[in-house]
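Hi everyone, thanks for coming. I'd like to walk you through a structure today, so let's put it up on the screen.

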Amino acid sequence: MLETDHFLDIDDLSTDELHAVLSRAAAIKDGADDAELPDQTLGMLFEKPSTRTRISFETGMTQLGGHAIFLGPEDIQLGHGEPLSDTSRVLSRYVDAVMARLFDHEDLVEMAEHSDVPVVNGLTDDAHPCQTLADLLTIEEAFGGFDGVQAAWVGDGNNVGQSFVIGAAMAGLDLTVATPDGYGMDDAVLDQAVEIGHPPTVVEDPETAVDDADVVYTDVWISMGQEDQRSEKLEAFEGYQVNEDLLSGTDAQVMHCLPAHRGEEITDAVLESDRALVWDQAENRLHAQKGLLVELLDD
C-alpha cells in the first residue's frame with residue numbers, strides 16, 4: 001500500500017511509489033496482474049462534467065470487481081446543502097474511496113481533511129494528477145522508459161501542465177516548457193521541480209521547445225470556466241498551435257489529454273496522423289487509475 005492517505009497532487013506519491021503505480025498499471029493492462037477490489041465502492045463526485053474521468057474510473061472499478069457511484073452537480077451540492085466537512089464525513093461511512101472532480105482545489109483539500117477513506121483528485125483548477133499518471137504510462141510504453149526522452153509542453157501553463165511538470169521531474173523526464181508571457185507555470189510548481197532535482201527548461205518560443213523533442217504535449221488554451229477570456233487568450237497564444245509546420249523536421253510524437261479544440265491548440269491533421277499518441281493516452285487513464293486504486297486500497 002502507499003504511504004499517502006490521499007492522492008490530491010502527483011507528488012503525494014514518492015518517486016518510488018510513482019514508479020510502483022506505473023508498474024502496477026502496466027502489469028494490470030498486460031494481464032500479468034489479476035488484482036481485484038471485490039465489494040469495494042468508489043464514490044465519484046463531479047462539479048465539472050467529464051467523459052474520460054467518469055468512464056475510466058467507473059469502468060475500472062467494475063473490472064476490478066468493485067462498484068462506482070456517480071454523484072453529479074444535480075445529485076449533491078458540495079458546500080451548499082451542507083458543509084463540505086459533513087459531506088466528507090458521511091461519505092466515509094458509506095464508500096471505500098472518493099474521487100472528486102472539482103473547481104476549487106482547496107475544497108478537495110478540505111474533503112480530504114475530514115475523510116476516513118482515500119480521496120483521489122479527478123481534476124481541480126490547480127492539478128490533474130490522474131492525467132499525469134496516464135501521460136507517464138503512455139511515454140513509458142512508447143519509448144521503453146524515460147531515460148533520454150525529450151518532452152515538450154507547448155501552450156498554456158494550466159492544471160494539466162502543472163501536474164505534468166512535477167510528474168516529469170519525479171520520473172526523470174527531460175522537459176522543455178514553452179508558454180506565452182503571462183501564461184506560464186506557477187512559480188511554486190517550478191520551484192517544486194527544482195527541489196525534486198529535475199526542473200524543466202522554460203522558453204517562450206515553441207519552435208525552440210520542439211526542436212529536439214521526442215514527444216510534444218499540448219492542451220486547450222481556453223479551459224472550462226475561462227470562456228470570457230477567449231479573445232484575449234487566442235491572441236496571446238498565436239504561434240503556439242501544434243501543427244505540421246511546428247513539427248516539420250522532427251519525428252516527435254504528440255500527446256493531448258482531450259477534449260481537443262481542433263483548429264485552435266492542435267490541428268486535425270496532427271491529431272489524425274501517425275504521430276498521435278492521444279488515443280493510447282486516453283485509454284491509459286483506465287489502466288493508470290486501476291493501478292492507483294489497487295495500490296491505495298488493496299491490503
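What covers the buried residues of H3? Before I answer, please keep in mind that this is a predicted model. The cover includes three strands, S1 (41–46), S2 (67–71) and S3 (97–101), together with helix H4 (105–113).

Now let's look at H3 itself, which spans residues 84–94. Its buried residues are Leu-84, Ser-85, Thr-87, Ser-88, Leu-91 and Ser-92. They sit on the same side of H3, because the arc they cover around the axis is only 160°. If you turn to the face pointing away from that buried side, you find Arg-93 and Tyr-94, which are exposed.

Let's stay in this area and pick one residue from the cover. Met-111 belongs to helix H4. Is Met-111 buried or exposed? Its relative accessibility is 0%, so Met-111 counts as buried. Leaving out residues up to four places away in sequence, Met-111 touches Leu-45, Leu-84, Ser-88, Leu-91, Val-98, Ala-100, Leu-102 and Val-119. You'll recognise some of those names: Leu-84, Ser-88 and Leu-91 are among the buried residues of H3. For a sense of distance, take Pro-73, which is 38 residues from Met-111 along the chain. The C-alpha atoms of Pro-73 and Met-111 are 16 Å apart.

Next, two helix pairs. We'll begin with H5 (residues 129–143) and H12 (residues 278–297), whose axes come within 8 Å and cross at roughly 110°. Angles from 65 to 115 degrees count as roughly perpendicular, and H5 and H12 are therefore roughly perpendicular to each other. The crossing of H5 past H12 is right-handed. Which residues make the contact? On the H5 side they are Cys-130, Gln-131, Leu-133, Ala-134, Asp-135, Leu-137, Thr-138 and Glu-141. H12 brings Asp-280, Gln-281, Asn-284, Arg-285, His-287, Ala-288, Gln-289 and Leu-292. Sorted by character, the residues of this H5–H12 contact are six nonpolar, six polar and four charged.

The other pair is H1 (residues 15–30) with H6 (residues 159–171). Here the axes lie 9 Å apart and the packing angle is about 95°, which makes H1 roughly perpendicular to H6. H1 contributes Thr-15, Leu-18 and His-19 to the contact, and H6 contributes Gly-167, Met-170 and Ala-171. How many of the residues in the contact of H1 with H6 are charged? None: the contact has three nonpolar residues, three polar and no charged.

That's my tour, and I'm happy to go back to any part of it.

How values were computed: Residues numbered from 1 in each chain as written. Predicted model: local features only at pLDDT ≥ 70, side-chain atom pairs only at ≥ 80, totals over all residues. Heavy atoms only, no water. Buried < 20%, exposed > 50% of the residue type's maximum accessible area, 1.4 Å probe, protein only. Helix = DSSP H or I, 4+ residues; strand = E, 2+ residues; numbered from the N terminus. Arc of directions from axis to C-beta. Contact = heavy atoms within 4.5 Å. Axes fitted to C-alpha atoms, helices over the stretch in contact; angles between N-to-C directions. Parallel < 35°, antiparallel > 145°, perpendicular 65-115°, else oblique. Nonpolar A, V, L, I, M, F, W, Y, C, P; charged D, E, K, R; others polar. Left-handed = near helix turned anticlockwise from the far one by under 90°.
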